[in-house]
Amino acid sequence: MVILDFIRGELKKISKRRIITRKKIIKDSKIFDLLNDGFYISESIIDVNIINHLIKKYNLYEKNFKKSYTNIHIPVIDKKFLNYIQSHEKINFIINTFYSNVYKKAPILQTPPSIVITNPVIENSNKDYKIPSKWHTDYKNEFTFHVPLIDINTESTKTLYLKNSQNNININFQSLINIENYDYKVVPLIAKEGSVIFIDVSGAHRAELGKFRIMVQFKFTTGNDLITKIAKPKFYSLLSKNLKENFIPDSKIIKKITENDLNQIQELKLNKNWFIISQSSEYYNQYINNL
Ligand SMILES: [Fe+2]
């Protein structure tokens, strides 16, 4: 076992060294920055009408959410939004180039995309938050992008990233990280609504609690750790419980919207690497049934 762990560790080091070498030959500046820093922000590349459409449809106004100790998730099956994102040239270019360069594989959507709402009670900072605010890394080969639905500024809840830590051969996936052991710069990922924040979450990152934030989160891996492998549909009933407790208007509004969209899921022309959406009906149903 010890020997196996040693071999795994060595293989990981070799693959990280390859990434570091490869980034020197990348000419596209976006990809270069992403490979170098571990994150890249594309400012205002999402049509404002698409953002407003989501906000209006789901009633995503700050006044509609209680302050809480947890993130609120709403799975999005909205046709207009998903079709827009999955055919977005720049987004596709960045994710595909990143995966082909780093992992020599295609990116596969790992979980159904969801709207994430964070409205923390910051006065009581000792309380144990159910928001990932400790420095950590995510699943193996995981990569994420966030679409902020409102501006994320220095005061907002935001992701902090340990710049360049994704290339550190001693930082493993799914680990808590003591950043005092490293000499990297902490960068707050700030962006205007409609921007896209690309994050290589194999580097150390955490949420910093602040003011109200809403964004849509997309998570990819190389096909490992798909939601159908890591969580039972019942997990989605916890997500609906959080919404029910913190959404001030009747949560039946969201139930109805999600139910309607689920009934039309066949009309979504999904990219083949987005198949997890069509395999997640049980998850969506758990969410709906508990609202
Ligand atoms: Fe994370």
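## A three-stranded sheet

Y161 finds its bridge partner in β7: V187. Y161's own strand, β6 (residues 158-162), runs antiparallel to β7, and three bridges join the two. Strands here are DSSP E runs of at least two residues, helices are H or I runs of at least four, and both are numbered from the N terminus. This is a predicted model, so local features need pLDDT of at least 70 and side-chain atom pairs count only at pLDDT 80 or more, while totals for chains, interfaces and linings use all residues. Residues are numbered from 1 along each chain as its sequence is written.

The sheet is open and has three strands in the order β7-β6-β9, with antiparallel pairing; two strands pair if DSSP finds at least two bridges between them. At the edges sit β7 (186-188) and β9 (205-208), each pairing on one side only. On average, neighbouring strands of this sheet are turned by 30° against each other, direction ignored, using axes that are lines fitted to C-alpha atoms.

## Two sides of α3

Helix α3 (residues 48-58) buries I51, L54 and Y58. Buried means 20 or more other C-beta atoms within 10 Å of the residue's own, exposed means 12 or fewer, and partly exposed lies in between, with C-beta atoms placed from the backbone. The buried trio covers an arc of only 65° around the axis, which puts these residues on the same side of α3; the arc is that of the directions from the helix axis to the C-beta atoms.

Flip to the other side of α3 and you get V48, N49 and K56, which are exposed. The buried residues of α3 pack against β2 (72-75), α4 (79-86), β4 (114-118) and α8 (252-263). After α3 comes N59, with a positive phi near 60°.

## A buried loop proline

P107 is in the loop between α5 (89-102) and β3 (108-109). P107 counts as buried because 23 other C-beta atoms lie within 10 Å. Neighbours within four places in sequence aside, P107 is in contact with I95, N96, Y99, F143, F220 and N273, where contact means C-beta atoms within 7 Å. P107 and I95 are twelve residues apart along the chain, with 7.0 Å between their C-alpha atoms.

## The nonpolar core

The largest nonpolar core has 63 residues, and F39, I197 and F198 have the most contacts inside it. α5 gives the most to this core, with six residues. Such a core is a set of buried Ala, Val, Leu, Ile, Met, Phe, Trp, Tyr and Cys residues joined through C-beta atoms within 7 Å.

Not counting residues up to four places away in sequence, I197 touches F39, I41, F145, H146, L189 and A191.

Note on methods
Two residues are in contact if their C-beta atoms, placed from the backbone, lie within 7 Å. Axes are lines fitted to C-alpha atoms, for helices over the stretch in contact, and angles run from 0 to 180 degrees between N-to-C directions.
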